[in-house]
Amino acid sequence: TVSYSFELVNSTCDPDGSGSSRPCQLFNGQLPGPTVRANWGDTISVTLTNKLTTNGTGIHWHGIRQLNTGDQDGVPGITECPLAPGQSKTYTWLATQFGTTWFHSHFSAQYGDGATGQIIIDGPASSNYDIDLGAMPLTDWYYQDSWVVGLQAHASLQAFAAPPPADTILINGTNMSPNNQTGAYSKTTGLVAGKKYRLRLINISVDNPLRVSLDGHPFTVITSDLVPIKPWTTNWILIAIGQRYDVIFTATAANAKVGNFWLRVHYAAQCLSSGNNNPNALGIFSYANAPSGNPASTAYTEPADCIEPLSNLVPWVSNTVNSTAFLNQVGNLEVDISVPGLDGNGQNIVIWGVNLSAIDVNWDKPTTQYVKDGNTSYPTNLNLIELPTEGIWSYWIIQEPSNSPVPIPHPIHLHGHDFYVLGTGSGIFDKNTSPSTLKYTNPPRRDTAFLPGGGWLALAFPTDNPGAWLMHCHIAWHVSDGLAVQFLEGKSSSKFPLGDSSWDANCKSWNTFDATMP
Ligand code: C2O
């Protein structure tokens, strides 16, 4: 058993020296947050104490299967009550996967205030690389807290306009301020020619898909989320919010003579609504004995699309999805948006949902959607989809209508499972023609995938893990506006972790839990 103990504390953050000093909420006061590191097969035990003054919290272990431990998934309102200020809770789970992932608060949009950390599970020994550079969390960052920016985002969405752009992008919790050149570049030093380096890239953003490249050093990609894949090489990698890619690059003698190279982290403009202009960020990679000064390296040509590289994500462990069963049983989940007006507090209401139902508010008659710090009502609308038993497959087309007023890609994330990504397309999925493009034999497998803007995403997963699993868009503004469903899987199974037949009643009382904070 590997044990950690975290306190979530109120703090102020000015990671690029811009002088913004915004409120933030940090595990153990750290930005980026702490790293949980263990071996495949270890039990991980983390005690969280909520030292915030006015907010509930919890920790969700993004991408961790929680096989038969769905009660450790850490989702307030779904698998637990929020942890109130002063309370502690210990999460215990088994590392059944290996690779790179992250953890974050799943309470409101709190993770955008810094409540995140990294997870590295070391797997079988590898001779593919020499040096593990560890995790590199990448995030958009705002000079105001998530509450303030969230309200601005809702206000712009009322006019179907772009949300406020991020003020900067942080690489490992730091950046040079785009405005006044304060702060510091993230630096990785001491590269040695001939060595191979493993870098674990994680997009922990609130709103932005990111594209990453290291000048002069192509990436060999070896994982997609927690799934080992056949190596493929690329100069730029597009990472949706919540996704991870582990990459290997080789330090060369020719590059050692040059010494310094830019790491480029760009927001992926093609994946955003027009007008959402964010800054880009740079980091520095240096060889041992490199000259001082900034790099003068040249960027690779950046792709101008928003396409997840599905055909390159080939899992080592091969699996087949039954095409006949898929075609006979596939269900449809439509991503919808509604803009009904103002709530009882005079705040803008924008609702995102699935099949005209949002997880936190009444689709037709929203009353109070946003309440700051306390008196928060937990969802009365649970958006439950019951999956009857264990041992069947669940098949879904996630569709954004092509006439959506805001047709942008959504990073769709499922808890408790890796899903099989059978394919994506633009426009409306057509049962007669679209299936011919699906990949049923060894499709990519991961826990977060892009739903193309105004298009469709075809998913499959086996129901082998009893629990209540959230599936949601990982854009923080969208999930807090209701873009989520929960799969209630194997509820009658003896392994169902969230209680017996009284569970429904308990869950309702959890979901109306009044988190009035001191
Ligand atoms: Cu990163 Cu619902 O999770």
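**Exercise 1. The loop that holds Asn355**

Task: In this predicted model, determine where Asn355 is placed and whether Asn355 counts as buried, partly exposed or exposed.

Solution.
- Step 1. Asn355 is found in the loop between strand S21 (348-354) and strand S22 (384-387).
- Step 2. Its backbone deserves attention: phi of Asn355 is positive, about 50°, although the residue is not a glycine.
- Step 3. Asn355 has 15 C-beta neighbours inside 10 Å. A residue is buried with 20 or more other C-beta atoms within 10 Å and exposed with 12 or fewer, so Asn355 counts as partly exposed.

**Exercise 2. Ser21 and Pro32 on either side of S2**

Task: State which loop contains Ser21, which loop contains Pro32, and what backbone feature belongs to each residue.

Solution.
- Step 1. Ser21 lies in the loop between strand S1 (2-13) and S2.
- Step 2. Phi of Ser21 is near 40°, a positive value in a residue other than glycine.
- Step 3. Ser21 has 11 other C-beta atoms within 10 Å. The limit for an exposed residue is 12 or fewer, and Ser21 is therefore exposed.
- Step 4. Pro32 belongs to the loop between S2 and strand S3 (35-39).
- Step 5. The peptide bond that joins Leu31 and Pro32 is cis, with omega about -5°.

**Exercise 3. From domain 1 to domain 2**

Task: Give the domain division, then describe the side of domain 1 that touches domain 2 by its elements and its residue classes.

Solution.
- Step 1. The protein is divided into domain 1 (1-125), domain 2 (128-316) and domain 3 (323-511).
- Step 2. Between the C-alpha centres of domain 1 and domain 2 the distance is 22 Å.
- Step 3. The contact involves 25 residues of domain 1 and 31 residues of domain 2.
- Step 4. On the domain 1 side, the elements giving two or more residues are strand S2 (22-27), strand S7 (99-104) and strand S8 (116-122).
- Step 5. S7 gives the most, with five residues.
- Step 6. Sorted by class, this side of domain 1 has 15 polar, seven nonpolar and three charged residues.

**Exercise 4. The six-stranded open sheet**

Task: Establish the strand order of the open sheet, identify its edge strands, and find the residue that stands opposite Asp140.

Solution.
- Step 1. The order of the six strands is S10-S9-S12-S17-S14-S15, and their pairing is mixed.
- Step 2. Strand S10 (168-171) and strand S15 (227-234) are the edges, since each pairs on one side only.
- Step 3. On average, neighbouring strands of this sheet are turned by 25° against each other, direction ignored.
- Step 4. At the S10 edge, strand S9 (residues 131-141) runs antiparallel to S10, and four bridges join the two.
- Step 5. Within this pair, Asp140 stands opposite Ile169 in S10.

**Exercise 5. The surroundings of S28**

Task: Decide how many residues of strand S28 are buried, and trace the bridge partners of Leu457 in S23 and S25.

Solution.
- Step 1. Strand S28 (residues 455-462) is mostly covered, with seven of its eight residues buried.
- Step 2. Strand S23 (residues 393-399) is joined to S28 by seven bridges, and the two run antiparallel.
- Step 3. In this pairing, Leu457 of S28 stands opposite Ile398.
- Step 4. Strand S25 (residues 419-426) also pairs with S28 in the antiparallel sense, over six bridges.
- Step 5. Here the bridge partner of Leu457 is Thr424.
- Step 6. Leu457 thus has Ile398 opposite it in one pairing and Thr424 as its partner in the other.

How values were computed:
Residues are numbered from 1 along each chain as its sequence is written. This is a predicted model: local features need pLDDT of at least 70, side-chain atom pairs count only at pLDDT 80 or more; totals for chains, interfaces and linings use all residues. Two strands pair if DSSP finds at least two bridges between them. Axes are lines fitted to C-alpha atoms, for helices over the stretch in contact, and angles run from 0 to 180 degrees between N-to-C directions. Domain bounds come from an automatic or database domain assignment. Two residues are in contact if their C-beta atoms, placed from the backbone, lie within 7 Å. Ala, Val, Leu, Ile, Met, Phe, Trp, Tyr, Cys and Pro count as nonpolar, Asp, Glu, Lys and Arg as charged, and the others, Gly among them, as polar.
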